[in-house]
Amino acid sequence: MKISEYFRTSLFRKVFSVSSIISIALIYFLGSNLYNRISDGIIEEKISAAISEGEAAIQYADYRFLIGSLNNNTNYKTIVDEIVKSTNVSAKASGREIALLSTSGKRVAGIPSRSTSNFLEPSSIPRELRKLVIGDDEIHWQRTNLQYFNGESVAGVAVGHRIDIKPVGRYEMYVLFDFASQQQTIDLIGRSMWGTGLLLMALIMVIASVVLRQVIKPVRYAAEVAEQLSSGDLLKRMQVKGSDEVARLGTAFNNMADTLAKQITRLENLSRLQQRFVSDVSHELRTPLTTIRMASDLIYAAREGFDPTIARSAELLLSQIDRFEELLTDLLEVGRFDAQVATLSLSRIDITKLVNRCVEDLAMDAKQRDVKIRIDAPQEVLLIDGDSRRIERIMRNLLGNAIDHAEGNPVDLTIKDSQSAVSIAVRDYGVGIATHHLERVFDRFWRADPSRSRIRGGTGLGLSIAREDANLHGGEIQLWSELGAGSQFVLTLPLTQDQPIIEVPIGELPTY
Ligand code: ADP
């Protein structure tokens, strides 16, 4: 099953996956937003503490150098060591480092040009910060990475100010703070947020699935009942409990089913009545028609002695009686199909022989219309189990129609068999049938052009009876037609009545 189909075929899967995706996105968005705000707040807090702490440390150092400058024998190296290195022991623990850099970059009065605590790389102080610090007498700060000689690096902030050591020169002092402990707190918050987010997700999914099941259950039930109803169980109804929307759906559904069942029963009764009526009338008409036929036969036989107009009327009368009888026979046959009493009278049939017989029967019609019938049949004898009267009727109808509509072009008859079936294709190259008419061709009394001049006066029931006859055999009639290009009707019948058709020997599309 394709993925799209997997979701399309189930309301539960569709709604569940959409709501899960939306809640995952929402939780992720809200969580990461909250996480960013919290971590920014923690870092900002640390920076403002670092600025004031750094400022105090710088002021203290400034003061120490000032005191030192009052004494001529001052050892500035000691003061520098005191300020920078004295913090060594606890510097890492307190997360604070100190750097004293000479602005001129020279070693003066024993003070190294660059002194840092705990092997901090002087490059930890950004160039831009140094420029700012050298530029004025203000405290400046900037976020940076604290880098050590051993390659360690940790995010933090550097706070700096310039320091003038009167007889020695200008220096910059930086106090650097790492965010290690803040980062630990932020990581902890991050982990707990992930945990909470996942838990929340699982909870939302469980709730969504429970609620969805609750909502979808009645919908599924309604679909099941509707399916049973549409498959013919007209008495099937939904059970209605309570008075919520689902109950309203159930009541409305049941009302609809009641109305439908009533209508169907009414129409069935009406149709049965109509079928009975047609069948009764056809039966009733048979006896008077036989009498009329006998009388008209007599009149027809004596027509030589009549006035020419009366003689012509006698001929017309007989031909119309023929048509009337044909119609009555067809109507009685249709009545038998409707009453489902039509049965097969089976025998072994040589299908090629049967087809040839039909061709011979219609040879006169074909000649009159100047239509050549070409037969392509296998050499060997093709025997099938079938009702020869019905199969002959089908073939006569298909062949008669083809001759009628061939417009003088030849008609091709092809017989082919497979392991399970035999197909007889009747192909003409005449008028053809418009695409929008194709599905009406097998309807009772339907004709594309009733006024069309025809040799055989068809009843309009021929193809509908042919299809019923084919179906009765477990076979089918396929149709292909194109206006102006002709038509192809393919009758396919099973070889035996206990085996279904597995492979159709001739498809509905013509090969040429
Ligand atoms: P009938 O032949 O008595 O009119 P059918 O049921 O046999 O009734 O055919 C119904 C209609 O289908 C015909 O009136 C005709 O319009 C159309 N039809 C049948 N066969 C062909 C064909 N071979 N070519 C064109 N039209 C056809």
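**Exercise 1. Find the element that gives the most to the shell around the ligand, then describe the contacts there.**

Let's start with the shell: α11 gives the most to it, with four residues. Helices here are DSSP runs of H or I with at least four residues, strands are runs of E with at least two, and both are numbered from the N terminus. Please keep in mind that this is a predicted model, in which local features need pLDDT of at least 70, side-chain atom pairs count only at pLDDT 80 or more, and totals for chains, interfaces and linings use all residues. Residues are numbered from 1 along each chain as its sequence is written, and side-chain values use heavy atoms, with hydrogens and water left out.

Step 1: count the neighbours. The ligand is surrounded by 19 residues, the closest being N401, D428, A448, G460 and L463; a residue is near if one of its heavy atoms lies within 4 Å of the molecule.

Step 2: sort them. The shell holds seven nonpolar, nine polar and three charged residues. Here Ala, Val, Leu, Ile, Met, Phe, Trp, Tyr, Cys and Pro are nonpolar, Asp, Glu, Lys and Arg are charged, and the others, Gly among them, are polar.

Step 3: look at the polar atoms. D428 places a polar side-chain atom 2.9 Å from a nitrogen atom of the ligand. An N or O atom in the side chain of R447 is 3.2 Å from a ligand oxygen atom, and a backbone N or O atom of A448 lies 2.9 Å from an oxygen atom of the ligand.

Step 4: check the burial. Taken alone, the ligand exposes 530 Å², and the protein buries 97% of that. Accessible areas come from the Shrake-Rupley method with a 1.4 Å probe; for residues, only the protein chains shown count as cover.

Step 5: name the elements. Those giving two or more residues to the shell are α11 (388–405), α12 (462–472) and β12 (486–494).

**Exercise 2. Trace the salt bridges of R393 and find the network that contains R393.**

Step 1: fix the rule. A salt bridge is a side-chain nitrogen of Lys or Arg within 4 Å of a carboxyl oxygen of Asp or Glu. By this rule the count comes to 29 salt bridges.

Step 2: take the partner E333. The closest N and O atoms of E333 and R393 are 3.2 Å apart. E333 lies in helix α8 and R393 in helix α11, so this pair ties together parts that are 60 residues apart in sequence. E333 is buried, with a relative accessible area of 1%; buried means under 20%, exposed over 50%, and partly exposed in between (1.4 Å probe, protein chains only).

Step 3: take the partner D469. R393 also forms a salt bridge with D469, with closest N and O atoms 3.0 Å apart. Because D469 lies in helix α12 and R393 in helix α11, the pair ties together parts that are 76 residues apart in sequence. D469 is buried too, at 0% relative accessible area.

Step 4: join the pairs. Salt bridges that share partners link E333, R336, D387, R389, R390, R393 and D469 into one network.

**Exercise 3. Decide whether E392 is buried or exposed, and find a side-chain partner.**

Step 1: E392 lies in helix α11. Its relative accessibility is 15%, so E392 counts as buried.

Step 2: the side chain of E392 makes a polar contact with the side chain of R357 at 2.8 Å. A polar contact is a pair of N or O atoms within 3.5 Å; within protein, one must be able to donate a hydrogen and the other to accept it, and residues adjacent in sequence count only if both atoms are side-chain atoms.
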